Protein chains: 2
Amino acid sequence: MEEVCLVNEGVKAKIIFLTEAQSKKLLKSYDVPVVEETIAPTIEEAVSQAGIIGFPIVVKGLGTKLTHKTERGLVKLNLRSAEDVKNACLDIKKSAGDDLEGFLLQPLIEGKREFVAGLFRDKQFGPVVMFGLGGIFTEALGDVVFRIAPVSEIQAKGMMEELLSKKLLGGFRGETAADEKQLINVLMGLSRLGMERPEVKEVDINPLLISPDGRVTAVDAFVVLNQENASIDSDWEKERTPQEIKAINAALDTMIHTKSIAVIGAIRPRKKGFRGMFGCIKDFGFPGKLYPINPKAEEIDGVKTYPSLVSLPNPVDLVVISVPAPFVPDALRDCVASGSKNVHIFSSGFKETGEEEGMKLQAEIEKIAVEGQLNVIGPNCMGLYVPQSRILTWIGAPEKSGPVSFVSQSGGHAQDFTNYANVHFGICFNKVISYGNALTLDSTDFLEYLANDDETKIITMYLEGVKNGRKLLELITKINQKKPVIIVKGGLTESGARAVSSHTGSMAGGEKIWNAFFQQSGAVRVSSLEEMAEVTEAFLHLGKAHGRRVAVIGTGGGIGVAAADSCAQAGLDLSVLPQEVTQKLRQFIPPAGNMIRNPIDAHILFIYLEMLGKTLELLSSKYIDMFVISLHLEWLYNFDNGAQIKKIATYIAQSARKHANGKPLVVVWRQYQPDPKYVKKRMMLEKILQEAGIPVYEGLHRAVFALSKLVAYYEFQRKQTDDKKKSCAGKKC
Amino acid sequence: MEEVCLVNEGVKAKIIFLTEAQSKKLLKSYDVPVVEETIAPTIEEAVSQAGIIGFPIVVKGLGTKLTHKTERGLVKLNLRSAEDVKNACLDIKKSAGDDLEGFLLQPLIEGKREFVAGLFRDKQFGPVVMFGLGGIFTEALGDVVFRIAPVSEIQAKGMMEELLSKKLLGGFRGETAADEKQLINVLMGLSRLGMERPEVKEVDINPLLISPDGRVTAVDAFVVLNQENASIDSDWEKERTPQEIKAINAALDTMIHTKSIAVIGAIRPRKKGFRGMFGCIKDFGFPGKLYPINPKAEEIDGVKTYPSLVSLPNPVDLVVISVPAPFVPDALRDCVASGSKNVHIFSSGFKETGEEEGMKLQAEIEKIAVEGQLNVIGPNCMGLYVPQSRILTWIGAPEKSGPVSFVSQSGGHAQDFTNYANVHFGICFNKVISYGNALTLDSTDFLEYLANDDETKIITMYLEGVKNGRKLLELITKINQKKPVIIVKGGLTESGARAVSSHTGSMAGGEKIWNAFFQQSGAVRVSSLEEMAEVTEAFLHLGKAHGRRVAVIGTGGGIGVAAADSCAQAGLDLSVLPQEVTQKLRQFIPPAGNMIRNPIDAHILFIYLEMLGKTLELLSSKYIDMFVISLHLEWLYNFDNGAQIKKIATYIAQSARKHANGKPLVVVWRQYQPDPKYVKKRMMLEKILQEAGIPVYEGLHRAVFALSKLVAYYEFQRKQTDDKKKSCAGKKC
């Protein structure tokens with residue numbers, strides 16, 4: 001690779017631009033196909049060089065201070081003679097004045113299809129590559145996509161695929177499809193440039209032109225450098241060392257399996273009503289040593305009370321701080337002094353307030369925590385909920401442990417999600433960590449721990465912002481290959497972002513970059529706690545989904561339209577059944593009142609249940625990948641006062657999955673009437689099916705959404721594997 | 001206006017194209033600014049004319065058979081001399097051969113901003129005007145919008161506003177904003193053309209060029225005519241006469257207030273379980289004469305049975321047919337013979353099956369019904385549910401009458417929606433009509449009736465397709481000014497459309513045209529029965545919404561981000577409160593634990609309720625248009641075992657609306673835990689508030705969505721009024 005001199009000593013502007021020629025030279029060294037060009041210091045030289053290059057030709061003014069060249073009249077296109085070139089140079093000289101350093105000559109590249117590509121550095125995610133529709137449409141249509149560097153070949157292809165204007169990249173109106181290899185080179189080249197050259201702040205290639213023959217050329221480009229000696233103030237670069245990671249893992253392990261807890265700011269729990277941190281932990285039956293700290297009490301709830309942390313006989317595994325914000329600094333100093341290094345700060349009133357006082361307090365406690373080498377969960381959060389260790393800082397959470405862990409920036413969501421998922425799907429949790437303002441420990445630290453935690457089969461997350469976005473991307477991409485990571489990202493919209501900074505004080509990235517994050521990591525994206533529960537339930541019980549062909553089998557009018565609309569929205573294929581299948585179905589399903597298209601709207605399958613089994617067998621043999629059984633409960637109830645509902649539930653629980661060849665199968669109920677007799681039957685149905693590991697949803701829409709997330713996850717895994725194989729081809733991997 | 005000869009006798013192709021010159025002449029007569037042009041029959045004439053027009057110039061081949069001119073090399077741009085023109089003409093002559101009828105000369109119009117405009121005829125909606133991004137981007141980006149003719153000035157502006165690429169219409173990169181008046185002329189001109197000239201099948205203007213000075217020019221255009229004598233087979237043109245409408249209204253009135261019903265195919269209701277049409281009507285306490293018709297029974301359920309309709313003493317107000325499809329034709333013949341003209345066909349097995357047998361049967365019954373002048377609701381539907389008349393053909397619907405009517409193409413949805421809305425919001429219905437395949441009576445007939453029905457304050461609809469789309473648009477636009485029409489449109493997606501044709505046999509229009517329908521009619525669009533209930537509840541109880549500024553006032557972590565995300569998605573403004581307000585709030589709300597941004601996340605307001613009142617008063621005085629009060633029930637419960645929840649509900653019920661100056665105010669609850677003690681409190685809260693006419697929603701998202709629909713409705717009404725005033729200015733209206 002050709003070495004390029006990046007520092008442009010002659011210029012002292014605050015932002016350092018490379019000249020167009022320097023920019024292109026740099027880009028060329030990173031595999032970007034740039035237009036061939038010649039520099040002429042004088043007008044005479046320009047005219048003479050133009051004759052050598054040939055006409056039509058383009059002449060541009062050259063100079064580090066010359067930006068916005070088109071607007072300033074410094075770009076002259078389609079010059080057809082030596083005289084044209086001379087006049088153009090004179091014009092340029094007049095416009096540019098003293099800033100002119102020379103002329104750039106290029107052959108005129110033809111092409112109607114203008115794209116744009118670029119690179120910039122995001123505070124959370126570091127170097128990010130951009131690609132989109134160029135020319136006058138860049139700002140008007142905003143059809144641009146992003147990927148966080150490093151960008152792999154498959155990810156580069158994904159960028160093209162994601163553009164609304166992707167049709168323009170294909171063969172179009174008699175023009176050849178864009179050279180895919182060249183486009184990939186541009187995007188991967190920008191990515192490498194971002195990774196290898198920290199001094200490059202921004203790159204903008206506009207237009208990246210597609211010629212009628214499909215050739216790709218960077219016709220214009222500029223590169224912006226960081227100021228010499230500028231400190232790079234990006235959170236994403238604060239990497240932990242392997243030793244630090246190991247130490248944090250050990251600390252988390254101690255906290256999660258804590259044997260002793262001290263609660264600073266313990267209060268007497270009210271008999272009924274608010275119980276405080278101490279009361280909640282005690283209520284949940286924490287079996288280890290529990291020390292209430294309160295200088296104004298002798299005992300609380302029958303437990304001996306200590307005036308301060310330093311008065312305890314030994315350091316504890318976990319300190320919970322629950323005092324008003326102004327007292328937190330002293331509490332933390334006590335932690336340092338007493339050698340209790342692991343802390344959960346429940347208290348709020350810090351950065352999340354957005355007010356000066358809170359910001360100052362947060363800076364103060366950060367200093368104490370960092371200098372004292374404390375491991376802090378919080379402040380402004382609910383800390384840990386670990387059923388196996390009997391740790392819980394609120395009331396009403398399920399006592400049973402399960403295979404799902406939850407990492408939540410919001411304390412409210414930690415309580416709400418665990419309850420909701422448990423009530424509606426019987427989902428139980430292994431480790432729940434609510435971490436609020438992320439003073440010293442951030443989501444990435446918890447993920448490092450959970451990545452290797454065999455008890456955790458599925459990771460769920462509620463995220464608002466993250467300090468080290470690259471680390472998050474890297475970790476989740478890795479974890480995702482072993483177990484799914486399901487994420488609600490709060491604060492995606494513009495005014496959402498405002499409230500994020502109010503809620504936990506983190507800086508949330510723009511929607512487009514987070515979109516890139518999801519595309520690249522393969523994390524399963526959901527938009528509410530309810531959806532997260534629904535999707536978690538699907539991952540917990542359904543095996544691999546091998547394709548997008550869904551059959552909906554049900555009873556009751558209107559399911560046809562609803563199923564078709566839901567599947568289309570979720571990108572699933574409500575496949576038309578081939579005639580060979582419908583013919584076979586018609587051998588045992590009578591026509592009257594039984595429609596056997598897809599959806600199959602056939603009452604009789606739910607009266608003679610072996611017909612349902614036969615249908616599943618036939619469809620799953622090779623035509624269909626996933627099944628939704630949709631039950632209209634009032635309708636079914638009318639047969640025989642609900643006895644049939646139990647038979648159906650039992651049949652599905654015992655044998656439907658077998659008939660479906662083990663392919664993903666879920667049940668959907670609809671029920672609109674208030675009568676408790678229906679509700680009772682529905683709860684029985686849910687219980688029978690959930691115990692058999694068959695997900696049950698209210699309404700088709702939810703079921704289809706969950707299945708779409710399942711299939712997308714496995715598609716992503718397959719793509720990753722292919723990508724890896726491809727990049728390893730011929731190498732040792 | 002200049003008269004234009006449309007019939008092009010020389011051509012006998014199946015589709016008749018006007019030449020470019022003819023097309024432009026026609027368009028010019030409808031106010032479309034076309035490029036000035038000259039026709040030259042020979043090359044010599046072309047060269048001489050070019051000299052007069054001046055260079056640069058464009059030459060095109062002319063001829064009715066010459067389409068796709070660019071691809072065939074029949075367009076020569078940027079000709080700069082007489083010689084250029086001569087060569088171009090020779091080239092064109094060579095390519096076009098015998099089809100060439102002459103040459104078209106135009107000055108070269110410059111401009112980078114290419115748009116497209118056009119007209120076509122939709123089977124359901126008749127003439128539809130199109131506008132969008134042109135040039136190579138039309139197909140690649142699909143950024144086009146539609147409006148059903150006639151298009152008003154405000155609607156034309158709406159088309160521009162709706163384009164993704166609308167920025168290109170404004171001042172852009174040094175070019176002047178497009179001349180709005182000219183664009184409006186183009187779109188309204190196309191609309192008039194569509195309305196006045198039925199012989200015009202299609203118009204395509206591409207490009208409609210915006211010059212750097214903002215001038216708008218139709219540079220290329222073509223017009224397609226209907227074949228001479230072609231029968232125009234569009235449903236939308238089958239208009240009913242005023243006499244017919246009057247007769248149908250009278251018939252519906254008779255059916256809705258029916259005094260006598262005969263059920264053909266009456267069966268003995270099972271004691272528990274399926275009760276049949278006869279059983280359902282009897283169960284609901286129909287007070288009039290009820291005749292079971294069944295040749296094989298003497299009596300059913302203690303009621304004397306008749307062998308056939310003709311054996312009844314007199315004609316009845318309503319005949320309900322509930323026999324298998326093949327027996328329906330005979331049943332209808334009996335209706336004709338007996339003089340019972342009003343019929344509900346419950347039976348299915350017709351067009352909705354998509355099978356030949358069913359199609360044939362439907363054609364047969366249509367013939368009988370039309371010839372016998374029957375008024376038929378159905379087939380394949382649930383018919384009427386009118387609590388006041390005690391008519392119901394299913395079981396379990398609420399007995400109480402209310403102010404909402406529902407017109408549903410699906411019978412299942414008629415049952416489900418009325419139950420759901422009643423259970424969740426206590427909504428009661430006035431008239432529910434489920435009409436299935438719409439044999440003779442369609443949604444438009446029911447709307448005509450409900451438009452003038454003073455008992456109906458809100459109309460809700462479930463629509464899949466409609467025969468006369470223009471009539472639907474016209475009716476709903478009119479009704480909407482008096483009372484809201486809230487619609488779920490099923491079958492919007494491509495595969496949804498397939499299932500629509502399976503479910504009721506109607507042809508559903510494309511998503512983009514239905515989008516135009518909603519934009520133009522102002523109908524309130526929702527996407528599920530649940531949303532329809534939520535939005536109906538808002539319209540039932542909340543007054544006019546005057547603006548989009550929302551305040552969310554609540555308790556519990558995480559509401560900030562959720563509120564911001566929900567409001568941004570719904571297009572509401574979660575306004576930042578000005579300092580003068582926060583200063584006043586801080587005079588009575590202490591800082592600790594109480595955030596007073598918007599959302600206002602302040603526990604204390606729910607402890608000292610007069611503070612809530614004070615806050616509402618301050619905000620509603622001039623800063624905020626709508627209020628959401630968000631209650632986290634588990635959190636509130638923890639205060640005092642729920643006693644506070646009742647106090648809050650009562651306070652809000654009694655005085656919150658007054659404190660909010662009568663502005664729209666709704667309550668949201670969140671509750672995630674299964675404990676019946678919470679559920680009980682929640683149901684009490686709902687009851688107290690609903691009885692006071694304050695809508696209560698589960699979760700912020702639903703409340704914000706409902707409010708967004710409310711405010712959009714009133715915005716639309718205001719716009720309509722402005723539009724009317726404008727178009728009446730200086731005229732007598």
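In chain A, helix 20 (residues 633–640) and helix 21 (residues 643–659) pack at an angle of about 115°, and their axes lie 6 Å apart. Axes here are lines fitted to C-alpha atoms, for helices over the stretch in contact, with angles running from 0 to 180 degrees between N-to-C directions. Helices (H or I, at least four residues) and strands (E, at least two) are DSSP runs, numbered from the N terminus. Helix 20 of chain A brings Leu633(A), Leu636(A), Tyr637(A) and Asp640(A) to the contact, and helix 21 of chain A brings Ala643(A), Gln644(A), Ile645(A) and Ile648(A); contact means heavy atoms within 4.5 Å. By class, this contact of helix 20 with helix 21 of chain A has six nonpolar, one polar and one charged residues. For these classes, Ala, Val, Leu, Ile, Met, Phe, Trp, Tyr, Cys and Pro count as nonpolar, Asp, Glu, Lys and Arg as charged, and the others, Gly among them, as polar.

A word on what you are looking at: this is a predicted model, in which local features need pLDDT of at least 70, side-chain atom pairs count only at pLDDT 80 or more, and totals for chains, interfaces and linings use all residues. Residues are numbered from 1 along each chain as its sequence is written, chains are lettered from A and ligands numbered from 1 in the order in which they are written, and side-chain values use heavy atoms, with hydrogens and water left out.

## Two sheets

Chain A has an open sheet of four strands in the order 2-5-3-4, with antiparallel pairing. Two strands pair if DSSP finds at least two bridges between them. Strand 2 (38–40) and strand 4 (75–79) of chain A are the edges, each pairing on one side only. From one strand to the next, the twist averages 25°. Strand 3 (residues 57–62) and strand 5 (residues 102–107) of chain A are joined by six bridges in the antiparallel sense, with Val58(A) opposite Gln106(A) of strand 5. Helix 2 (residues 43–53) of chain A packs on this sheet, touching strands 2, 3 and 5 of chain A, and its direction makes about 10° with that of strand 5.

Over in chain B, an open sheet of six strands follows the order 26-27-25-28-29-30, with mixed pairing. Its edge strands are strand 26 (594–595) and strand 30 (696–698) of chain B. Strand 26 runs antiparallel to strand 27 (residues 600–602) of chain B, and two bridges join them; Met595(B) has Asp601(B) as its bridge partner in strand 27. Helix 22 (residues 676–691) of chain B packs on the sheet and touches strand 28 (626–632), strand 29 (665–670) and strand 30 of chain B, with its direction at about 170° to that of strand 29.

## Backbone details

Most residues other than glycine have a negative phi, and most peptide bonds are trans. The table gathers four places that are worth a look on that account.

| Site | Feature | Location |
|---|---|---|
| Asn598(A) and Pro599(A) | cis peptide bond, omega about 5° | Pro599(A): loop between strand 26 (594–595) and strand 27 (600–602) of chain A |
| Asn206(B) to Pro207(B) | cis peptide bond, omega near 5° | Pro207(B): strand 9 (residues 200–210) of chain B |
| Gln373(A) | positive phi, near 55° | loop between helix 10 (356–371) and strand 18 (375–377) of chain A |
| Ala438(A) | positive phi, near 55° | loop between strand 21 (429–434) and helix 12 (443–451) of chain A |

Gln373(A) is exposed at 61% relative accessibility, whereas Ala438(A) is buried at 4%. Buried means under 20% relative accessible area, exposed over 50%, partly exposed in between (1.4 Å probe, protein chains only).

## Buried residues and their surroundings

Gln362(A), in helix 10 of chain A, is buried with a relative accessible area of 6%. Its side chain makes a polar contact of 3.1 Å with that of Asn437(A); such a contact is a pair of N or O atoms within 3.5 Å, where within protein one must be able to donate a hydrogen and the other to accept it, and residues adjacent in sequence count only if both atoms are side-chain atoms. Beyond neighbours within four places in sequence, the contacts of Gln362(A) include Phe350(A), Pro379(A) and Leu439(A).

Ala414(B) belongs to helix 11 (residues 411–425) of chain B and is buried at 0% relative accessibility. Ala414(B) and Met382(B) are 32 residues apart in sequence, with their C-alpha atoms 7.5 Å apart.

Finally, the structure holds zero disulfides over all chains, a disulfide being a pair of cysteine sulfur atoms within 2.5 Å. For Cys381(A), the nearest cysteine sulfur, that of Cys335(A), is 14 Å away, and Cys381(A) is buried at 3% relative accessibility.
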